[in-house]
Amino acid sequence: MDLSIDASNLLLGGGLKHLQCLLGNIRTDFFSRVIVYGPVKILEHLPHSSLIEPREISVKHSSLVNRFWWQTSELGRRLHADKGVLFK
């Protein structure tokens, strides 16, 4: 099963640390792929693993309105294409 994670709202700090710990302990016997959507400033701090696929979302999603659009419109399209489960 594939897992998709929306990290578009994360800032450097506690949320990033939580995501790093989660990804560092992911069970490879349960997930075949973990896709993480987020800005490059978050993705560059993720653990390196063949299981993790970082996918950059544009810097333009940094405003509240643009993040809302991303989460209600674009994210759904990408999840449908990835055929995975969302962790948000």
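**Helix 1 and its surroundings**

The buried residues of helix 1 pack against four elements, namely strand 1, strand 2, helix 2 and strand 3 (52-56). That is a handy way into this structure, which is a predicted model. The buried residues in question are L16, L19 and L23. They sit on the same side of helix 1, because they cover an arc of only 60° around the axis. Spacing along a helix has a lot to do with this sort of pattern: an α-helix has 3.6 residues a turn, so residues three or four places apart point the same way. Flip to the face of helix 1 turned away from the buried side, and the exposed residues G14, K17, H18 and G24 turn up.

Stepping back, the protein chain comes to three helices and four strands. Along the sequence these follow the pattern β-α-β-α-β-α-β. Of the 88 residues in the protein chain, 35% are buried. Contacts also reach across the sequence: among those between residues at least 6 apart, 58% join residues at least 24 apart.

Strand 1 is mostly covered, with five of its five residues buried. From this strand, D2, S4 and D6 point one way while L3 and I5 point the other way, and all are buried. Strand 1 runs parallel to strand 2, and five bridges join the two. Within this pairing, D6 stands opposite Y37 of strand 2. To get from strand 1 to strand 2 the chain crosses through helix 1, and the resulting β-α-β crossover is right-handed.

Next comes the nonpolar interior. In soluble globular proteins, nonpolar side chains tend to be buried together. Here the largest nonpolar core has 15 residues, and I5, L19, L23, V34, V36 and L46 are those with the most contacts inside it. Two or more residues come from each of strand 1 (2-6), helix 1 (14-24), strand 2 (33-38) and helix 2 (40-43). Helix 1 gives the most to this core, with three residues. V34 shows what the packing looks like from a single position: leaving aside residues up to four places away in sequence, V34 touches L3, I5, L23, I26, L51, I52 and E53.

Apart from the largest core lies another core, of six residues, and Y37, I57, W70 and L79 are among them. W70 belongs to helix 3, which covers residues 64-82. With a relative accessible area of 0%, W70 counts as buried, because that value is under 20%. W70 and S58 are 12 residues apart in sequence, and their C-alpha atoms are 9.8 Å apart in space.

Finally, a search of the whole structure finds one aromatic pair. The pair is formed by F30 and F31 and is edge-to-face, with 4.8 Å centre to centre and 90° between the planes. How do the two partners fare for exposure, buried or partly exposed? F30 is partly exposed, with a relative accessible area of 45%. F31, on the other hand, is buried, with a relative accessible area of 15%.

Terms used: Residues are numbered from 1 along each chain as its sequence is written. This is a predicted model: local features need pLDDT of at least 70, side-chain atom pairs count only at pLDDT 80 or more; totals for chains, interfaces and linings use all residues. Side-chain values use heavy atoms; hydrogens and water are left out. A nonpolar core is a set of buried Ala, Val, Leu, Ile, Met, Phe, Trp, Tyr and Cys residues joined through side-chain atoms within 4.5 Å. Buried means under 20% relative accessible area, exposed over 50%, partly exposed in between (1.4 Å probe, protein chains only). Contact means heavy atoms within 4.5 Å. The arc is that of the directions from the helix axis to the C-beta atoms. Two strands pair if DSSP finds at least two bridges between them. A crossover is right-handed if, with the strands pointing away from the viewer, the path from the first strand over the helix to the second runs clockwise. Rings of Phe, Tyr and Trp (its six-membered ring) pair if their centres lie within 6.5 Å; planes under 30 degrees apart count as stacked, over 60 as edge-to-face and the rest as tilted.
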